[in-house]
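User: Got a protein model I'd like to talk through. Can you walk me through what it shows?
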Amino acid sequence: MENTFWIWYPGDFELYHAMKQNFSRVERGFGWPAFWKSEGFRNRVALRRVYELEQETSFTVFSNAVGHVLVTWENGEKKYPFGKKITAGPGKVRISIHAGCVEAFPCAYVQGEVIHSDKTWTAEDYSQPAVPVGVCKYFTKPEQNPTVWEYTEKECRPVKITEVNGGVLAEFETELTAAVYVNDKRKETGDNQERCITAEENNAGKNAAGNAECGLEVYCGESEDEALDLEHCYYSWQTDPVTKRCPCCAVRFAFIPNCKAEDVEITAFYQYVDFPKRASFKSNDEKLNKIWDVAEHTFRLCSGIFFLDGVKRDKWIWSGDAYQSFFVNQYLLADPDIDQRTLLALRGNDPMTRHINTIMDYSLFWVLGVLYHYEVYGDLEFVRQVYPKMCSLMEFCEGQLDENGFLVGRENDWIYIDWADMDKTGALCAEQMLFAACWQAMAKVSDALGEKNPEYTEKYEKLISQIRKFYWDQEKGAFIDSFESGKRNVTRHANIFAILFHIATAEEQEKILENVIKNDAIPAITTPYFNFFELDVLCRMGKLTEVLDKIRSYWGGMLDLGAVTFWEEYDPSVPKEEQYDMYGDHFGKSLCHAWAASPIYFLAKYFAGLDLVNKDGVTYIFKPQMQYFTELDCTLPVGSNGVVRLVWDGEILEITPNADGGILELGEQKLSLVRGETRRVKI
């Protein structure tokens, strides 16, 4: 039936699949489960709904769990097994599904014309009050199993086959998350000399399937160099003798040793979540077009059940990476559900005992991510669900304040901010900037929920005063990293946050721009991660020419080195032969990283000029900056349903919206945008 879903205790679906995701990392033959606290799903739940039935009706309950259905009416009750047709009514009837499961989260599907499972049911875990059930739009049929995610699959053929180093190298058009298939044609002629791997090799992750027959060995790499380096290659697999496939992994190149091209048939089965295409960008600048396309492919590879950091290393759900993914998502996929799943997976259950991903700043980014999700989609129902966890997270942080009211790390806390040298002695300024922004976020969220919590604003203002007192260096015209060491060291990070989160005054912002951001003596940002924050600041300060130049040179620089997806880190000064190295590890750098897709956000928001506001009856505002293009044709999503197309030919601007509540701003001129009507303006 339409609007019938599998249902479960809210958050359990996300926690279960997050655990599977965070335990899926494999590296050079060994598994590497994520090193932070793994939240468990509930093993025992009750799912309930009360109906006022005008007449008798029938329904059937399906479940992955053990348990029963309890039907209660005015004069009695009766238990039924799962899978059996049940008749109830007329009158007031209470349906209770009691389900328990050891291996996975309990869930149920209720099939019936009147009585069926939807968002109106409630869930209980026998320790907390009833809450609305959790659902997922992808699980709407009784034959499905919500504990198994169903990926879309596409067959991809190599664009090039080369005989090299005594074997065969297959090159695919771009990087994929795929199961490589290799058919050994020599078996058909009896020419193949098989060698079954040893138990030790099998335990080391060689992926043999049985002792009677073994598949071919395949080395998968994000780069050609990696696939051909049999010692340092991250992924080496033995094909399954039945399916002839390797496990799904990140692959651009696949190398099969000890064979010739005519000996093997190679293909890849690309596995992905099929998010509809809702955005496009084509301009007169071919390099920008290529950057958009590569950023989109990068982002889609890293967007599955959740936002992942990368598809080779780590394939984990990191809060800082996810925070930036929320910004790109709104202008590309505009899928609020993946935001929700990622936020629920990251936060876990109360009580909170460790920071998210063990990183203090990543806990803070989670709070900011909830606010940003709400501002983009107006999703008050989700905010109401997670607000108690926002409160408990902030209470957890307040438990580690120093005598000055600053947030400091405890033993085993990771103070990250960025892969950069900075003075992290004592309380780090950049962390305080984020902490202050969180208090402001709490104030906005509580206001949206109709609560009055003036203490949030009071804590924000008090912390801002302390930050300015201890970290602002008048002589340097900048915020310092730390005051405890006495070094008065200045890096870009805290100063970027000071502008981004409106902590610096207008006068301080101008000083930061000159003394830090435009100062070549201050070490440059080398990660796409923090380039996102720096370029966002430059955009907000109107430095669009500098931003466009940086996008062309930084992301374009990766393209010049042959990138088909954007990388975790890129330093143009590093020799080409060392560009794939990171963490002191050959091929340790991820060549497909979600946080590197940010050009989509900048081009859509600041150049096409689409700002999603959702305030006072206005859904979006267009402030196009067409002086940077002679031609532009782009389509961008507005919320989860609408789209707007912008076309510019160097003289006439046309905007055609399929969304309500739009405004076109051209200087002081404000023009309304009406769904289905094209607005033409000569500039």
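User: Start with contacts between residues at least 6 apart in sequence. What share joins residues at least 24 apart?
Analyst: That share is 72% in the protein chain. Keep in mind that this is a predicted model.

User: How many helices and strands are there?
Analyst: The protein chain has 16 helices and 30 strands.

User: What about the overall dimensions? Why does the radius of gyration agree with a compact globule?
Analyst: A compact globule of 683 residues would come out near 26 Å, and the protein chain has 27 Å, so the two agree. The C-alpha atoms fill a box of roughly 75 × 75 × 60 Å along the principal axes.

User: How much of the chain is buried?
Analyst: Of the 683 residues, 59% count as buried. The exposed area is about 28,500 Å², with carbon and sulfur atoms supplying 47% of it.

User: And charges? How far apart are the mean positions of positive and negative?
Analyst: They are 3 Å apart, taken over 72 positive and 104 negative charges.

User: Switching to helix α12. Is it mostly covered or mostly open?
Analyst: Mostly covered. Helix α12 spans residues 492-500, and 9 of its 9 residues are buried. Among them are R492, H493 and N495, along with I496 and F497.

User: Which elements do those buried residues pack against?
Analyst: The buried residues of α12 pack against four helices, α8 (360-377), α10 (429-448), α13 (506-517) and α14 (528-540), plus strand β22 (478-479).

User: What residue with a positive phi follows α12?
Analyst: H502 follows, with phi near 60 degrees.

Definitions and conventions: Residues numbered from 1 in each chain as written. Predicted model: local features only at pLDDT ≥ 70, side-chain atom pairs only at ≥ 80, totals over all residues. Heavy atoms only, no water. Helix = DSSP H or I, 4+ residues; strand = E, 2+ residues; numbered from the N terminus. Rg over C-alpha atoms; globule rule 2.2 N^0.38 Å. Buried < 20%, exposed > 50% of the residue type's maximum accessible area, 1.4 Å probe, protein only. Contact = heavy atoms within 4.5 Å. Areas by Shrake-Rupley, 256 points an atom, 1.4 Å probe, with all protein chains shown as cover. Lys, Arg positive; Asp, Glu negative; His and termini not counted. Charge placed at Lys NZ, Arg CZ, Asp CG, Glu CD.
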